[in-house]
Amino acid sequence: MVWQAIIIFIAQLLFVPVLTLRTIMMVKGMKKRTAAMGILEGAIYVGALGLVFSDLSNYYNMAAYALGFGVGLYIGALIEEKLAIGYVTIEANIPERNEPLITRLREVGFSVSTSPVEGMNSTRYRLDCTARRDREKEFIYVVEQHEPKAFIASYEPRSFKGGYITKAMKKRREKFLKKKRREQNESQSA
């Protein structure tokens with residue numbers, strides 16, 4: 001009796017994270033991966049639910065199903081946060097143009113576009129960047145180091161075309177650092 005509850009609990013610990021990842025992949029348009037995760041999800045679901053329905057008088061099985069679902073949601077959220085699938089667009093609104101900040105963001109590989117914008121009381125500057133989601137915290141950290149009062153907002157774009165995404169970001173960073181070293185060498189030799 002108790003062994004069934006343990007199996008149901010473990011099945012839910014597997015099922016719900018798979019459900020979470022399948023949903024994320026579906027939203028991101030990853031059709032083949034979504035289908036594969038759906039097959040795995042379905043197999044786990046049918047097995048666990050079959051055990052629960054095989055004996056509806058066994059409250060341990062029902063409790064294990066519910067408890068496993070809750071713990072599985074937590075684990076799924078942790079996995080999703082670690083994987084950080086996809087991209088994020090980040091906007092930083094700063095009081096004035098900050099060249100050291102812009103330079104630092106580009107040094108660490110972010111593609112940054114800048115533009116003056118009209119704030120409520122003054123002209124401000126907006127920094128725009130699209131990056132992999134796993135780099136969002138890094139971007140925010142760099143901005144906060146240079147502009148503690150910056151207003152930062154981020155959102156996930158559904159689709160985009162062109163720009164400096166993925167491999168081009170790395171190439172841009174390397175090119176920027178080479179140019180900077182060259183300028184430093186020239187200024188030191190002059």
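Two strands pair if DSSP finds at least two bridges between them. Helices (H or I, at least four residues) and strands (E, at least two) are DSSP runs, numbered from the N terminus. The model is predicted: local features need pLDDT of at least 70, side-chain atom pairs count only at pLDDT 80 or more, and totals for chains, interfaces and linings use all residues. Residues are numbered from 1 along each chain as its sequence is written, and side-chain values use heavy atoms, with hydrogens and water left out.

**Exercise 1. Find the strands that pair with E1, and name a residue pair for each.**

Step 1. Start with strand E3, residues 123-132. E1 pairs with E3 in the antiparallel sense, over eight bridges. Look for Ala-92: its bridge partner in E3 is Leu-127. Glu-91 stands opposite Asp-128, also in E3.

Step 2. Move to strand E4, residues 151-155. Here E1 pairs over five bridges, in the antiparallel sense. Ile-90 faces Ser-154 of E4.

Step 3. Check the burial of E1, which spans residues 87-94. Six of its eight residues are buried (under 20% relative accessible area; exposed is over 50%, partly exposed in between; 1.4 Å probe, protein chains only). E1 is thus mostly covered.

**Exercise 2. Work out the strand order of the open sheet, and say which strands stand at the edges.**

Step 1. Add the pairing of E2 with E3: antiparallel, over six bridges. Val-117 stands opposite Arg-124 in E3. E2 and E3 form a hairpin, with four residues between them.

Step 2. Write the order. The open sheet has four strands, E2-E3-E1-E4, with antiparallel pairing.

Step 3. Pick out the edges. E2 (113-118) and E4 each have a single partner strand, so one side of each is left without a neighbour in the sheet.

Step 4. Add the twist. Neighbouring strands are turned by 25° against each other on average, direction ignored. Axes are lines fitted to C-alpha atoms, for helices over the stretch in contact, and angles run from 0 to 180 degrees between N-to-C directions.

**Exercise 3. Describe the second largest pocket: its space, its lining and the classes of its residues.**

Step 1. Take the term. On a 1 Å grid over the protein atoms alone, a pocket is an open set of points where a 1.4 Å probe fits, with protein on both sides within 12 Å along at least five of seven lines; lining residues have an atom within 4 Å of a point.

Step 2. Give the space: about 190 Å³. Grid points are joined across faces, edges and corners, and the volume is the space filled by probe spheres set on the points.

Step 3. List the lining. It consists of Glu-80, Glu-81, Lys-82, Ala-84, Arg-133, Asp-134, Glu-136 and Lys-137. Helix H3 (59-83) and helix H5 (136-146) are the elements that give two or more residues. H3 gives the largest share, three residues.

Step 4. Sort by class. Seven lining residues are charged (Asp, Glu, Lys and Arg), one is nonpolar (Ala, Val, Leu, Ile, Met, Phe, Trp, Tyr, Cys and Pro), and none is polar (the others, Gly among them).

Step 5. Assign domains. Domain 1 (1-83) and domain 2 (87-171) each supply at least three lining residues. These bounds come from an automatic or database domain assignment.

**Exercise 4. Are Trp-3, Glu-107 and His-146 buried, partly exposed or exposed?**

Step 1. Trp-3 lies in helix H1, residues 2-27. Its relative accessible area is 53%, so Trp-3 is exposed. Its C-alpha atom is separated from that of Lys-32 by 35 Å.

Step 2. Glu-107 belongs to helix H4, residues 99-107. At 11%, Glu-107 is buried.

Step 3. His-146 is found in H5. Relative accessibility is 32%, so His-146 counts as partly exposed. The C-alpha atoms of His-146 and Arg-106 are separated by 14 Å.
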